[in-house]
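Colleague: Got a minute to go through this one with me? I'd like to talk about charge pairs, then strands.

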Amino acid sequence: MFRKLLREPLLHFLLLGLLLFLLFNVVSGRQGGTDRRIVITDSEVASLVQGFQGTWQRPPTLQELRGLIDGRIREEVLYREGAALGLDRDDTVIRRRVLQKLDVISEESQSQEAPSDAVLGAWLQQHEASYAQPAVLDFEQVLFDPVRHGERLKSDVEAALARLRAGADPAKVGDASMLPTRSSASPADMVARDFGEQFASALVAAPLGVWQGPVSSGYGVHLVRVSQRVPGHPATLADVRAAVERDWESDRRNRAKEDYYHRLRRGYSVVIEAALPAEAKPGSGSGSAD
């Protein structure tokens, strides 16, 4: 009877299935790595407690702390098993998160000493145009809507200019609008933001105390009078220290990231098997970094 049982196809099928099951467990165990220990350190517990306090504004109870630690262990077990199964590969979200974390590491890969005044002063000198202080203007303006005046626009503006130069009240000349008739202590870059570059440039160059125009803006054409102007000038470090420190630090981080990447890149050999035009291949053209 035993020999008959050994010749039974169903038994062969069950034994083969058992062997495959055991083989899968052995292989998956190996994929999980030789390190099957999960160590929860003091710093990890402190981080869990800090995160809880940040959310709930109080420290966790002992039961809540045990739950936090259990959750951390669960997270680690599932992550390791998922990684062993290759679930972290070719996942756009995971790749992006890893890149973000590596970016932070690379930004801090160089010295983080606070820059001296000499370093900041040199940066300011190299980028002087970016920090130049704009002219500051006190001015008046009167608006004329080209659509409203049509073919009479030129003659109406000329007549209004004569009235203003003769002492007419600006509030009674031109078209009503939401624009302020008078503006005080307005930086030229803010004037350009509100009225356009052409308008701001005309005010920077206009003689003081005289009605001039017409000057164009996005609203129409204007007659303008500049009553006071503080000329633009190069910035001193005292004027723009906060901006210089911010920009210098941003540049330091960017350079650190690039240096970190290029150090890593030298350890890789890259083969491009795709059929690409020569201009599209990394390492070609003036924009190459390698």
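Colleague: How far apart are Glu76 and Arg72 in helix α4?
Modeller: They are 4 residues apart, so about one helical turn separates them. This is a predicted model. In it, their side chains meet in a salt bridge, 3.3 Å from N to O.

Colleague: Is Glu76 buried or exposed?
Modeller: Glu76 is at 17% relative accessibility, so it counts as buried. The cut-off for buried is under 20%.

Colleague: What about Glu245 and Arg241 in helix α12?
Modeller: Those two are also 4 residues apart, so about one helical turn lies between them. Their salt bridge is 3.7 Å, N to O. Glu245 is partly exposed at 35%, and Arg241 is partly exposed at 30%.

Colleague: Which residues do shared salt-bridge partners join into one network?
Modeller: Glu44, Arg72, Glu75, Glu76 and Arg80.

Colleague: And what does Lys257 pair with?
Modeller: Asp103, with the closest N and O atoms 4.0 Å apart. That pair links distant parts of the chain: Lys257 is in helix α12, Asp103 is in helix α5, and they are 154 residues apart.

Colleague: How many salt bridges in the whole structure?
Modeller: A search finds 17.

Colleague: On to strands. How do β1 and β4 pair?
Modeller: In the antiparallel sense, over 9 bridges. Glu140 stands opposite Arg225 in β4.

Colleague: And β3 with β4?
Modeller: Antiparallel too, over 3 bridges. Ser216 stands opposite Val221. The two strands form a hairpin with 4 residues between them. In the turn, Gly220 has a positive phi of about 150°.

How values were computed: Residues numbered from 1 in each chain as written. Predicted model: local features only at pLDDT ≥ 70, side-chain atom pairs only at ≥ 80, totals over all residues. Heavy atoms only, no water. Pairing = 2+ DSSP bridges. Buried < 20%, exposed > 50% of the residue type's maximum accessible area, 1.4 Å probe, protein only.
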